[in-house]
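User: Could you walk me through the charged pairs in this protein? I would like short answers that show the reasoning.

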Amino acid sequence: MKSILLIEDDVAFSNMLKRFLEKHDYTVTLSYGFEDAKTIIINDDFDLIFTDLRLPDGNGLELLEIVKEHKAKTPVILMTGYAEVSTAVKAMKQGAIDYISKPFNQDEVLHVITNALKSEQKVASAPKEVVKKASQLNSEFVTGISSSSKKLNEYIQLVGPTDMSVLITGESGTGKEVVAKSIHKTSSRKNKPFVAVDCGAIPNEIAASEFFGHKKGSFTGAVSDKKGHFESANYGTLFLDEVGNLSYENQIQLLRALQERRVKPLGSSTEIEVDIRLITATNEDLLKAVDEGEFREDLYHRLNEFTIKIPNLQERKDDLIIFADYFLDKANVQLNKNVIGFSDDVLKIFQNYSWPGNLREFGNVVKRATLLTTGDLIEQQVLPMELTQGAASKQEPLQKKSFSTKDNEKDLIIRALEQANNNKTHAAKLLNVTRKTLYNKIKEYNISL
């Protein structure tokens, strides 16, 4: 019979798991803490070590180091209370043969144990699932497990290899540029340029120069030749974010360039042929803008050969832990930290919070919490106040306000943006104005975001 050392501080759970494994012809030795397990590992031999990540007096990653030092050929499976990608990757690097996330069913645990015991390579090489997860850490796009995320990924894989123009819609902070890059990376143009342009940040008077370029001396301030975005993206992908902010004149120029597939830099008599794949994004209702005469219908149909709507974070609650792990691993690298994960209280707070700023807000929260954390786990006290106390009561007075006089407009805008974590769509709703009106006011008062 194969022998297993089971290290788990939950007595009821460990006894239940022990009885189950013994029914399947394993001998099981129990340990409820780090120090006790350390002594057992050094003095006794086992065919497999099955340990929880979090123990009262240590953690599973520290036990891995002890196993590697004293019993290097013994396979180790790590149990986590949450699907933590960053911990799994660290565990694989330190010598774990596999990991499994609680709660797990009987078939899962038997499958993982069987595979670990059959493995000829006792010093771990990551299984395919973990390699796949680890590769996500090097990519901005995180594949979720929710039905919304699966459909999003399905659409990306479907439209990516084509040359169709894609219109990406969704709330601010949902990751529209990340999706655009993912489409580009699945296309035949993946080795060519990906050029991202924020249309909302381009003043109308210089938009033509930005898009199509200009020649030296073509206008006051043109001190040298400039290559436009279309030419820079030639043979690759041009991504136009916030395309709804383009002026009507700029829309006409864009439509002409897309129809003719050539552009003429300002001050030049020569046209340049361009071969680009166009992806656009907006968090506004372009069809409504078409009905109101603010956006050209022919341009809309040119951009909208295929539409992808990115779900907000409320619709992706099943993915929260996956995103949390991704952001934590990213923060650890950026801040030179080694935080292992999140406490149960923090995970509950994440699940209950509304996330008006979506993934952008979530990433910022995790990064800030990682910076403030001095232990292994991110605890509740390092989270922003709006998460732990709720922002609803603070938002109520502002929801009833709207722009009134020049004296308080700027202050109201700043307060709304602070409450909405710089999510302009959410801030506009708090102020009872359109997003375009808010954007113009931000530029008027020169408010930095």
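User: Is arginine 54 buried, partly exposed or exposed, and what is its relative accessibility?

Analyst: This is a predicted model, where local features need pLDDT of at least 70, side-chain atom pairs count only at pLDDT 80 or more, and totals for chains, interfaces and linings use all residues. Residues are numbered from 1 along each chain as its sequence is written, and side-chain values use heavy atoms, with hydrogens and water left out. Buried means under 20% relative accessible area, exposed over 50%, and partly exposed in between (1.4 Å probe, protein chains only). Arginine 54 therefore counts as partly exposed, at 25%.

User: Which residue forms a salt bridge with arginine 54?

Analyst: A salt bridge here is a side-chain nitrogen of Lys or Arg within 4 Å of a carboxyl oxygen of Asp or Glu. For arginine 54, the closest N and O atoms of the pair are 3.3 Å apart, and the partner is aspartate 344.

User: How many residues apart are aspartate 344 and arginine 54?

Analyst: The salt bridge joins aspartate 344 to arginine 54. Aspartate 344 is in helix 15 (residues 344-352) and arginine 54 in strand 4 (residues 54-55), so named from DSSP runs numbered from the N terminus: helices are H or I, at least four residues, and strands E, at least two. The pair links distant parts of the chain, at a separation of 290 residues.

User: What is the relative accessibility of aspartate 319, which meets arginine 316 in a salt bridge?

Analyst: The side chains of these two meet at 3.7 Å, N to O. Arginine 316 counts as buried because its relative accessibility is 3%. Aspartate 319 is buried too, at 0%.
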